[in-house]
Amino acid sequence: MTAATTADVAARIREHDRSERRVAERPDLRAAAVAVVVLDDPERGPGVLLTRRTSRLRDHPGQFALPGGSVDPGEDTVTAARRELDEELGLRLGEDTVLGLLDDYATRSGFVITPVVMAATGAVADLVPSPDEVSELFHIPFDELDVDPRFLTIEESPRPVVQMPLVGHFIHAPTGAVLLQFREVALRGRTTRVDELEQPVFAWR
């Protein structure tokens, strides 16, 4: 069980962003951002929000995801992550809630994802997920997030496929890779790179 506090997480994320963060120089890919929200629930304590996409969405239907999407013209990654968080979960957070950024992750489907870590206080039950985008909402406490990943080999790639065993399922990259790095940096205080971890073939499109 992790002994990390919200204060520990904030300090470690800020330090990683300031001195350790890896940026993907991929102008051939579209910029995207996801929100890694540390929500301190009054009953459950601090944990990270995770969603499952509806089956009606065109891209990656039914898959587990962090709130996020493409960076619109005129936006930066922080603004995009905050906008997408509001659109998907009805959670409107200011710039002062941003703790920092994790490493970029280049996806097989043509994006460079920048994870934006934010901190908030409030009840998970008060959030209002968009029925058009979110079929399920999860709050994963730190002790449940602090689990070891599984790595699989596939014929299609020399890179290992990462799986995080969470919420009764195996969460794959890119979401699984982002959650793994958050666990390593924020909960365990160590730098671990995830940009060479592979996605399952079904997520390549």
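This briefing covers the overall build of the chain and then a handful of its residues. The model is predicted. The chain has four helices and eleven strands. Its radius of gyration is 16 Å, close to the 17 Å that the globule rule gives for 205 residues, so the chain is as compact as a globular protein of that length.

**Overall build**

- Taken along the principal axes, the box filled by the C-alpha atoms is roughly 45 × 35 × 35 Å.
- Of the 205 residues in the chain, 48% are buried.
- Among contacts with a separation of 6 or more, 69% join residues that are 24 or more positions apart.

**Surface and charge**

- About 9800 Å² of the chain is exposed, and carbon and sulfur atoms supply 49% of that area.
- The charged side chains comprise 23 positive and 35 negative ones. The centres of these two sets lie 3 Å apart.

**Gln199**

- Gln199 sits in the segment after α4, the helix that spans 175-187.
- Its relative accessible area is 2%, under the 20% cut-off, so Gln199 counts as buried.
- A polar atom of the Gln199 side chain lies 2.7 Å from the backbone nitrogen of Arg108.
- Beyond the neighbours within four places in sequence, Gln199 is in contact with the run Tyr105, Ala106, Thr107 and Arg108, and also with Ile154, Val161, Ala173, Pro174 and Trp204.

**Asp195**

- Asp195 also belongs to the segment after α4.
- Asp195 is partly exposed because its relative accessibility of 21% falls between the limits of 20% and 50%.
- The side chains of Asp195 and Arg22 make a polar contact at 3.1 Å.
- Leaving out residues up to four places away in sequence, Asp195 touches Arg22, Asp104, Tyr105 and Arg159. Tyr105 is thus listed as a contact of Asp195 and is listed for Gln199 as well.
- Asp195 and Thr107 are 88 residues apart along the chain, and their C-alpha atoms are separated by 9.2 Å.

**Leu101**

- Leu101 is in strand β5, which covers residues 98-101.
- With a relative accessible area of 13%, under the 20% cut-off, Leu101 is classed as buried.
- Not counting neighbours within four places in sequence, the contacts of Leu101 are His16, Asp17, Arg21, Val78, Thr114, Pro115 and Val116.
- Leu101 and Ile13 are 88 residues apart in sequence, with 7.2 Å between their C-alpha atoms.

**Backbone features in the loops on either side of β11**

- The peptide bond from Ala173 to Pro174 is cis, and its omega is near 5°.
- Pro174 is placed in the loop between β11 (169-172) and α4. Both Ala173 and Pro174 are among the contacts of Gln199.
- Val167 lies in the loop between β10 (157-166) and β11.
- Phi of Val167 is near 45°, a positive value in a residue other than glycine.
- Val167 has a relative accessible area of 30%, between 20% and 50%, so it is partly exposed.

Terms used. Residues are numbered from 1 along each chain as its sequence is written. This is a predicted model: local features need pLDDT of at least 70, side-chain atom pairs count only at pLDDT 80 or more; totals for chains, interfaces and linings use all residues. Side-chain values use heavy atoms; hydrogens and water are left out. Helices (H or I, at least four residues) and strands (E, at least two) are DSSP runs, numbered from the N terminus. Buried means under 20% relative accessible area, exposed over 50%, partly exposed in between (1.4 Å probe, protein chains only). A polar contact is a pair of N or O atoms within 3.5 Å; within protein, one must be able to donate a hydrogen and the other to accept it, and residues adjacent in sequence count only if both atoms are side-chain atoms. Contact means heavy atoms within 4.5 Å. The radius of gyration is taken over C-alpha atoms; the globule rule is 2.2 Å times the number of residues to the power 0.38. Accessible areas come from the Shrake-Rupley method with a 1.4 Å probe; for residues, only the protein chains shown count as cover. Lys and Arg count as positive and Asp and Glu as negative; His and the chain ends are not counted. The place of a charge is taken as NZ of Lys, CZ of Arg, CG of Asp or CD of Glu.
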